[in-house]
Amino acid sequence: MKIALALVAVSFAGLAFKYSSTAVQMNVETNASKVEWAATKKTGYHQGIMKVKSGNVQVEGGKLVGGKFVIDVTSINATDFENPVENNFVKHLKSKDFLETETYPEATFEITKVDYKDEKNVVLNGTFTMKNVSLPLSFPATINNADEKRFFGFAHFTFDRTLWNVMYDTNRASKDVNIGVYLFAVPAEAAK
């Protein structure tokens, strides 16, 4: 009896291996992807862009099923300035008051679950890590294309920076930051 049960278990294990996920892994095209940000203060707002350093998504059956991307926090700029890169505000953002980019040059988002609301609209659930703090983060996104040749999705949402230890004076600058993520990906062999 024990031998028969063992054989059944091995057979099922073999089936599970044989019919494992057929998800296609695609690499993020870093030259086409970006993270936009905007934050308000009492006298107005600032906005800018950060580069996506690397990442991948998994697509199966025309749907996004997983992925992870890395943001190059050191690339932050402020596009509302004449020189978006070299200005005192960007230096302030990179300082200990905000992002501490010398100590924490990257931030990551790893997808743990994708809830499809309809053919294109989803809620992405995952873990966002910034300044060595990892917390759950969920937000709505739109998946415009997810097939074996290319992926494009985007999201617009707001998050509370203070939860990730970006603690600069909330009386002067809002703790809520508006984010726009634009991700393009292609199969690994086609990525550049």
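## Two buried rings

F69 is buried, and F109 is buried as well. The model in which these residues are seen is a predicted one, and the values below should be read with that in mind. A pair of aromatic rings is described by the distance of the centres and the angle of the planes. By the rule used here the count comes to 12 aromatic pairs. One of them is formed by F69 and F109, whose rings lie 6.0 Å centre to centre with 50° between the planes, an arrangement that counts as tilted. Because F69 belongs to strand β4 and F109 to strand β5, this pair ties together parts that are 40 residues apart in sequence.

A further pair is made by F128 and F159, with ring centres 5.7 Å apart and planes at 75°, so this pair is edge-to-face; angles over 60 degrees are given that name. Since F128 lies in strand β6 and F159 in strand β8, the pair ties together parts that are 31 residues apart in sequence. Both F128 and F159 are buried. Ring pairs also link F69 and F109 with F139 and F157, and these four residues are joined into a cluster.

## Strands β4, β5 and β6

The strands that carry some of these rings are also paired through bridges. Strand β4, made of residues 63-72, runs antiparallel to strand β5, made of residues 106-116, and 6 bridges join them. Strand β5 is in turn joined by 8 bridges to strand β6, residues 121-130, and these two strands are again antiparallel. The connection from β5 to β6 is a hairpin through 4 residues.

One residue of β5 shows how the pairing can be followed from strand to strand. E110 in β5 is the bridge partner of K68, and the bridge partner of E110 in β6 is T127.

## The enclosed cavity

A search of the whole structure finds 1 cavity of 30 Å³ or more, and the largest cavity has a volume of about 130 Å³. It is lined by 15 residues, of which F69, L124, G153, V181 and L183 are the closest to its centre. F69 therefore appears here again, having already been described as a member of the pair that ties β4 to β5.

Two or more lining residues come from each of the strands β4, β5, β7 (133-146), β8 (151-160) and β9 (173-187). Among the contributors, β8 gives the most to this lining, with 4 residues. When the lining residues are sorted by class, 14 are nonpolar, 1 is polar and none is charged.

## The largest pocket

The largest pocket holds about 560 Å³ of space. There are 33 residues in its lining, and those closest to its centre are W37, A39, L93, R161 and V177. By class, this lining has 26 nonpolar, 4 polar and 3 charged residues.

## M50 and its surroundings

M50 is found in strand β3, which covers residues 44-60. Its relative accessible area is 10%, and because buried means under 20%, M50 counts as buried. If residues up to four places away in sequence are not counted, M50 touches K34, V35, I71, D72, V73, S75 and I76. In the case of V35, the C-alpha atoms of the two residues are separated by 5.2 Å, although M50 and V35 are 15 residues apart along the chain.

Definitions and conventions. Residues are numbered from 1 along each chain as its sequence is written. This is a predicted model: local features need pLDDT of at least 70, side-chain atom pairs count only at pLDDT 80 or more; totals for chains, interfaces and linings use all residues. Side-chain values use heavy atoms; hydrogens and water are left out. Two strands pair if DSSP finds at least two bridges between them. On a 1 Å grid over the protein atoms alone, a cavity is a set of points where a 1.4 Å probe fits but cannot get out, and a pocket is an open set with protein on both sides within 12 Å along at least five of seven lines; lining residues have an atom within 4 Å of a point. Grid points are joined across faces, edges and corners, and a volume is the space filled by probe spheres set on the points. Ala, Val, Leu, Ile, Met, Phe, Trp, Tyr, Cys and Pro count as nonpolar, Asp, Glu, Lys and Arg as charged, and the others, Gly among them, as polar. Buried means under 20% relative accessible area, exposed over 50%, partly exposed in between (1.4 Å probe, protein chains only). Contact means heavy atoms within 4.5 Å. Rings of Phe, Tyr and Trp (its six-membered ring) pair if their centres lie within 6.5 Å; planes under 30 degrees apart count as stacked, over 60 as edge-to-face and the rest as tilted.
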